[in-house]
Amino acid sequence: ARRRIGFEKRSHQAIPLRKPVKTLVVLGSGGHTMEMMQLVRGWELGTTYEVIFVVAATDTTSQGKAEAVLAERPDAKTLLPTLRFLQLPRSREVGQSYLSSVGSTIYAFGAATRMVFQESPDMLLVNGPGTCVPVVGAALLLELLTGHYLCVVFVESVCRAETLSLSGKLLLGVVDRFVVHWKQLADKYAKAEYFGVLC
């Protein structure tokens with residue numbers, strides 16, 4: 001039987017956690033944000049989870065979408081004023097050449113590293129936008145240099161039924177949990193976990 005999504009390292013040993021669990025959630029333009037919000041909308045925010053949202057500096061829509069989803073919760077009146085959104089420079093803008101994106105990627109990784117080291121989260125939840133790649137890299141660096149326990153969870157986009165996204169291919173081998181929405185992907189990639197369509 002497949003494991004339930006939880007705070008579990010590659011060794012399958014449960015990691016010690018404080019409560020609320022400090023979680024960085026990376027949002028992305030397009031459908032990434034709405035898929036992510038479907039995952040976290042029912043969480044016990046403030047008690048079990050302390051969520052900090054990360055958005056690209058040039059993303060003008062994701063924060064509003066996230067707030068709109070959470071505004072539907074019964075505790076919205078007390079929850080919304082406590083939400084935190086942190087901005088990061090994009091590694092690569094839409095249409096930017098790969099050559100010119102080298103410098104912007106290095107800059108984005110530096111900004112992500114400062115943010116991750118400052119926040120020192122217990123969990124990082126991502127679902128594929130380009131913004132997530134330097135954040136995952138920074139999370140791995142934090143763990144390597146400080147020994148801080150951190151669970152990195154990648155949930156592939158629901159639209160990926162046959163192949164992984166570029167971010168998924170890049171991060172499959174380094175994240176702690178890799179979740180897909182379609183069984184054929186779980187059958188294709190040994191590390192992938194399948195729990196049905198989650199969003």
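Visitor: What makes the pairing of Arg41 with Glu72 a salt bridge?

Guide: In this predicted model, the closest N and O atoms of Arg41 and Glu72 are 2.7 Å apart. A salt bridge requires a side-chain nitrogen of Lys or Arg within 4 Å of a carboxyl oxygen of Asp or Glu, so this pair qualifies. Arg41 sits in the loop between α1 and β2, while Glu72 sits in the loop between α2 and α3, and the two are 31 residues apart, which makes this a link between distant parts of the chain.

Visitor: Why is Glu72 called exposed, and why is Arg41 put in another class?

Guide: The relative accessibility of Glu72 is 60%, and exposed means over 50%, so Glu72 belongs to that class. Arg41 has a relative accessibility of 28%, which lies between the limits of 20% and 50%, and therefore Arg41 counts as partly exposed.

Visitor: How do you know that Asp75 and Arg73 meet in a salt bridge?

Guide: The N to O distance between their side chains is 2.9 Å, which is within the 4 Å limit, so the name is justified. The two partners fall into separate classes of accessibility, since Asp75 at 26% is partly exposed, whereas Arg73, with a relative accessible area of 14%, is buried.

Visitor: What makes Glu119 and Lys22 partners, and how far apart are their closest N and O atoms?

Guide: The closest N and O atoms are 3.0 Å apart, and because this is within 4 Å, Glu119 and Lys22 form a salt bridge. Glu119 belongs to helix α4 and Lys22 to strand β1, and their positions lie 97 residues apart in the numbering, so to speak, as a link between distant parts of the chain. Salt bridges with shared partners also bring Arg84 together with Lys22 and Glu119 in one network, and the structure holds six salt bridges.

Visitor: Are Glu119 and Lys22 buried or exposed?

Guide: Buried means under 20% relative accessible area; Glu119 has 7%, so Glu119 is buried. Lys22 has 14%, so Lys22 is buried as well.

Visitor: How do you know that β1 is mostly covered?

Guide: Six of the six residues in β1 are buried. Val21, Thr23 and Val25 point one way from the strand, while Lys22, Leu24 and Val26 point the other way, and all of them are buried.

Visitor: What makes β1 and β2 a pair of strands?

Guide: Pairing asks for at least two bridges between two strands, and β1 and β2 are joined by six, so they count as a pair, running parallel. Within this pairing, Leu24 stands opposite Ile52, and Tyr49 is the bridge partner of Val21.

Visitor: Why is Val51 in β2 assigned to its class of accessibility?

Guide: Val51 has a relative accessible area of 11%, which is under 20%, so Val51 is buried. Leaving aside neighbours within four places in sequence, Val51 is in contact with Thr23, Val25, Trp43 and Leu45. Val25 is 26 residues away in sequence, yet the two C-alpha atoms are 6.8 Å apart in space. Strand β2, where Val51 is found, is mostly covered, with seven of its eight residues buried.

Visitor: Why do β3 and β7 stand at the edges of the sheet?

Guide: The order of the seven strands is β3-β2-β1-β4-β5-β6-β7, in an open sheet with parallel pairing. Strands β3 and β7 each have a single partner strand, so one side of each is left without a neighbour in the sheet. At the β7 end, the partner is β6, and three bridges join the two in the parallel sense; because at least two bridges are needed, β6 and β7 count as paired.

Visitor: What makes Phe117, Leu144 and Leu145 a patch, and why is Phe117 not called buried?

Guide: Together these residues form a nonpolar patch on the surface, with about 330 Å² of accessible area. Residues of a patch need over 30% relative accessible area, and Phe117 has 31%, so Phe117 passes that limit. The value also lies between 20% and 50%, and therefore Phe117 counts as partly exposed.

Notes: Residues are numbered from 1 along each chain as its sequence is written. This is a predicted model: local features need pLDDT of at least 70, side-chain atom pairs count only at pLDDT 80 or more; totals for chains, interfaces and linings use all residues. Side-chain values use heavy atoms; hydrogens and water are left out. Helices (H or I, at least four residues) and strands (E, at least two) are DSSP runs, numbered from the N terminus. Patches are made of residues with over 30% relative accessible area and no salt bridge: like charges are joined within 9 Å, nonpolar side chains (Val, Leu, Ile, Met, Phe, Trp, Tyr) within 5 Å. Accessible areas come from the Shrake-Rupley method with a 1.4 Å probe; for residues, only the protein chains shown count as cover. Buried means under 20% relative accessible area, exposed over 50%, partly exposed in between (1.4 Å probe, protein chains only). Contact means heavy atoms within 4.5 Å.
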